[in-house]
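Subject: Structure handover

Hi,

Here is the structure I promised to pass on to you. Have a look at it first, and then read my notes underneath.

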Amino acid sequence: MEQIIRLDNDIQKSFLKKEYLIGVFIDFQKAFDMIWKYGLLNKMVKIGIKGNMLGWVNSFLTNRTIQVKINNTLSDILTIQNGTPQGSCISPTLFNIMVNDLPSCINNCSISQFADDSAIWLCGKNIGYIQRRIQKDLDNIKSWCDKWGFLISPSKTVAIVFSRKKKSEKLLLTLGNSSITSSQ
């Protein structure tokens, strides 16, 4: 709730100032399945998690296998290289450790994160200027994702202009080579 309240508060302030607020709501593709094990272990060491706990997480994520059954036929057993187990109570915590440094790559915008839901936003009077600054942070997020093995779904990532004006300019934001859908 805190993240939604922060965004709502900034939207209300921008309305009072007769400004625009552009928000980009980011969808991490298969977020828990994409966690890079060695990147996670590295980040755990950097925040001071070592010893038995680090060893336990390493063991927990090592030699995991999957097999699919369709009717009475079983697939081959495959070893999973990345990701955390679906439904495990520690998986959300491990994901949060993995994305904890995402805000460090944001230079212009406000950011909110709750598990695999993230949003960035910025307000101001000049929509073109806001758009350029948000694009820089989107480029930084894309670089961060490339470094840590995450993918963002451009088709599920949406930009929204919040304004008291009936019609505003069309947004032109991209994520890598893909355009982000915009709504007004």
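Below are my notes on the sheet, the salt bridges and the cysteines.

First, some conventions. This is a predicted model, so local features need pLDDT of at least 70 and side-chain atom pairs count only at pLDDT 80 or more, while totals for chains, interfaces and linings use all residues. Residues are numbered from 1 along each chain as its sequence is written, and side-chain values use heavy atoms, with hydrogens and water left out.

**The sheet**

Five strands make up an open sheet with mixed pairing, in the order β6-β7-β1-β8-β11. Strands and helices here are DSSP runs numbered from the N terminus (E, at least two residues, for strands; H or I, at least four, for helices), and two strands count as paired if DSSP finds at least two bridges between them. At the edges sit β6 and β11 (181–183), each of which pairs on one side only. From one strand to the next, the twist averages 20 degrees (axes are lines fitted to C-alpha atoms, with angles from 0 to 180 degrees between N-to-C directions). Within the sheet, β1 (residues 20–27) and β7 (residues 117–124) are antiparallel and share eight bridges. One residue to click on is F25, whose bridge partner in β7 is A119.

**Salt bridges**

Taking a salt bridge as a side-chain nitrogen of Lys or Arg within 4 Å of a carboxyl oxygen of Asp or Glu, the model has two salt bridges.

- D101 pairs with K43, with the closest N and O atoms 2.7 Å apart. D101 is in the loop between α4 (91–99) and β6 (110–114) and K43 is in helix α2 (residues 37–46), so the salt bridge ties together parts that are 58 residues apart in sequence. K43 is buried at 6% relative accessibility, whereas D101 is partly exposed at 27%. (Buried is under 20% relative accessible area, exposed over 50% and partly exposed in between, using a 1.4 Å probe and protein chains only.)
- K142 pairs with D146, and here the closest N and O atoms are 2.8 Å apart. Both are in helix α5 (residues 127–148), four residues apart, which puts about one helical turn between them. K142 is partly exposed, at 30%.

**Cysteines**

How many disulfides does the structure hold? Zero, where a disulfide means two cysteine sulfur atoms within 2.5 Å. The cysteine sulfur closest to that of C109 belongs to C123 and is 10 Å away, too far for a bond. C109 is buried at 13% relative accessibility, and C123 is partly exposed at 34%.

Happy exploring, and best wishes!
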